[in-house]
Amino acid sequence: MKAAYTAELLTSERDFADLAPAWGRLYRRCATATPFQSHAWQYSWWLSYGRRGRLRLLLVRAGGDLVAVAPLMAVRRPLPALVPLGGAISDYGDVLVDDEHGERAVAALTEGLAAAARTALLDFREVRPGGAVEQVYERWHGPRRRMSDSVCLELPAVPMDELVARLPSAKAQRVRAKLRRLTALGVERRVVHADEVDGALRRLLELHRLQWQGRKVTGEHLQSRFCEHLVRSVGPMVRSGDAVVTEFRLDDDVVAVDLTLLSRRLAGGYLYGAHPRLRERKADVAVMLLDACSEHSRGAGHGTLSLLRGNEPYKHHWRPEPVVNQRLLLARRPTAPLMSAVVCDVAVRRRGKELLRRWEENKERGERRGRRGRERRDGGGGS
């Protein structure tokens with residue numbers, strides 16, 4: 001006799017904490033899970049960023065076993081919606097579904113989500129292509145919409161020498177020279193033990209603040225709540241093999257600290273801090289970090305080495321593949337206008353960004369023409 005699949009909605013923070021063992025087993029049985037869906041990351045995020053009375057954990061059980069979970073939070077602005085836990089500091093959002101239970105677990109989860117979202121929109125941001133919530137999207141009977149979200153750049157999880165071999169020969173030679181430079185400087189790296197993680201992460205954030213001093217930085221990374229979340233979540237993740245913290249030393253001083261997150265199919269460098277002294281000594285920090293990250297990822301079967309969100313030019317030096325995250329909107333008939341409002345808002349914002357980009361390009365072209373005109377006048381006046 002097949003086990004019955006039942007869905008329940010939990011709203012208690014204590015229940016959330018107690019789910020850690022069962023959540024951990026489910027996380028291991030969901031191949032598409034990223035580190036941002038681990039219990040340690042999600043629960044810690046809730047403690048730092050959650051709002052009282054807003055927690056919505058939809059659980060699906062089969063014969064007492066947890067086989068699916070959608071960790072959500074209710075928001076009221078700008079529109080009433082249920083959104084994944086993790087917020088802006090998480091590069092991927094998703095649900096968890098036990099691979100062995102497949103369609104039956106997804107069906108129960110979909111029905112539970114439809115019941116939970118009676119007057120609210122379901123808004124899943126930053127879903128990596130192939131994520132588990134795509135199965136919910138395919139089964140959804142009400143209005144739905146798929147849109148593009150952030151760009152992530154991805155490399156194969158292979159040793160550093162193979163990543164270098166993918167580059168044009170001239171660039172590959174420069175990277176090899178930079179690796180030799182790191183060796184000549186005496187830069188040493190060490191994986192931090194679990195009982196040392198808290199102190200290492202605080203050094204990471206101190207170095208991160210120092211490296212960005214006087215420049216534009218993600219403000220949230222400087223907040224105490226972010227520090228508390230990182231310290232609280234990463235320790236358990238290191239112990240379970242879902243994270244690695246690496247220290248880099250130069251002349252016996254810690255000059256950089258890197259946090260790499262790991263899951264079954266993916267490894268990604270999440271955050272680092274580096275002392276300006278490294279650049280003063282002509283050390284290439286990006287090469288140093290990628291070398292360490294590739295080492296962490298290659299032996300555990302990870303198929304992807306993700307550079308995570310962001311389309312920064314320095315990442316393109318490695319010839320990564322751009323992978324666009326998805327935004328999945330799910331509504332019921334009465335809440336369809338909420339979905340339409342989000343779609344219109346996204347379209348307006350994108351149009352505004354495109355107009356701003358064109359204006360900046362035209363301004364830059366005008367300034368270049370002006371400089372060339374002044375140079376010609378100056379040259380002519382001196383002849």
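Does Asp91 count as buried or exposed, and at what relative accessibility? In this predicted model, Asp91 counts as buried because its relative accessibility is 7%, which falls under the 20% limit for that class. The residue forms a salt bridge with Arg309, in which the closest N and O atoms are 3.3 Å apart. Asp91 is found in the loop between strand 4 (81–84) and strand 5 (96–97), whereas Arg309 belongs to strand 12 (residues 304–309), so the bridge ties together parts of the chain that are 218 residues apart in sequence. The partner, Arg309, has a relative accessible area of 22% and is therefore partly exposed, so that this bridge joins a buried acid to a partly exposed base.

The count of salt bridges comes to 22. Another of them is formed by the side chains of Arg264 and Asp99, with an N to O distance of 3.7 Å. This pair, too, links distant parts of the chain, since Arg264 is placed in the loop between strand 10 and strand 11 and Asp99 in the loop between strand 5 and helix 4 (102–116), at a separation of 165 residues. Arg264 counts as partly exposed at 42% relative accessibility, and Asp99 is likewise partly exposed, with a relative accessible area of 42%.

A further salt bridge is found between Glu196 and Arg190, whose closest N and O atoms are 3.1 Å apart. Glu196 counts as partly exposed at 31% relative accessibility, and Arg190, with a relative accessible area of 29%, is also partly exposed. Both residues belong to a network of salt bridges that links Arg190, Glu196, Arg203, Glu247 and Arg249.

Aromatic contacts were examined next. A pair of aromatic rings is described by the distance of the centres and the angle of the planes. Seven aromatic pairs are counted in the model. In one of these, the rings of Phe36 and Trp41 have centres 5.2 Å apart and planes at 85°, so the arrangement is edge-to-face; Phe36 and Trp41 are both buried. Trp41 also pairs with Tyr270, and because the planes of these rings stand at 85°, with the centres 5.3 Å apart, this pair is edge-to-face as well. The contact between Trp41 and Tyr270 links distant parts of the chain, with Trp41 in helix 3 (residues 39–49) and Tyr270 in strand 11 (residues 266–274), 229 residues apart. Tyr270 is buried, as is Trp41. Ring pairs join these residues into a cluster made up of Phe36, Trp41, Tyr92 and Tyr270. An interaction of another kind, between a charge and a ring, involves Arg144, whose charged end sits over the ring of Tyr137 at 4.8 Å from its centre.

Tyr270 is also one of the residues touched by Thr260, which is located in strand 10 (residues 253–262). Thr260 counts as buried, because its relative accessibility is 0%. When residues up to four places away in sequence are not counted, Thr260 touches Ala243, Val244, Gly268, Gly269, Tyr270, Cys293 and His296. In addition, the side chain of Thr260 makes a polar contact of 2.8 Å with the side chain of Asp258.

Definitions and conventions. Residues numbered from 1 in each chain as written. Predicted model: local features only at pLDDT ≥ 70, side-chain atom pairs only at ≥ 80, totals over all residues. Heavy atoms only, no water. Helix = DSSP H or I, 4+ residues; strand = E, 2+ residues; numbered from the N terminus. Buried < 20%, exposed > 50% of the residue type's maximum accessible area, 1.4 Å probe, protein only. Polar contact = N/O pair within 3.5 Å; in protein donor to acceptor, adjacent residues only side chain to side chain. Contact = heavy atoms within 4.5 Å. Phe/Tyr/Trp six-rings, centres within 6.5 Å; stacked < 30°, edge-to-face > 60°. Lys NZ or Arg CZ within 6 Å of the ring centre and 35° of its normal. Salt bridge = Lys/Arg side-chain N within 4 Å of Asp/Glu carboxyl O.
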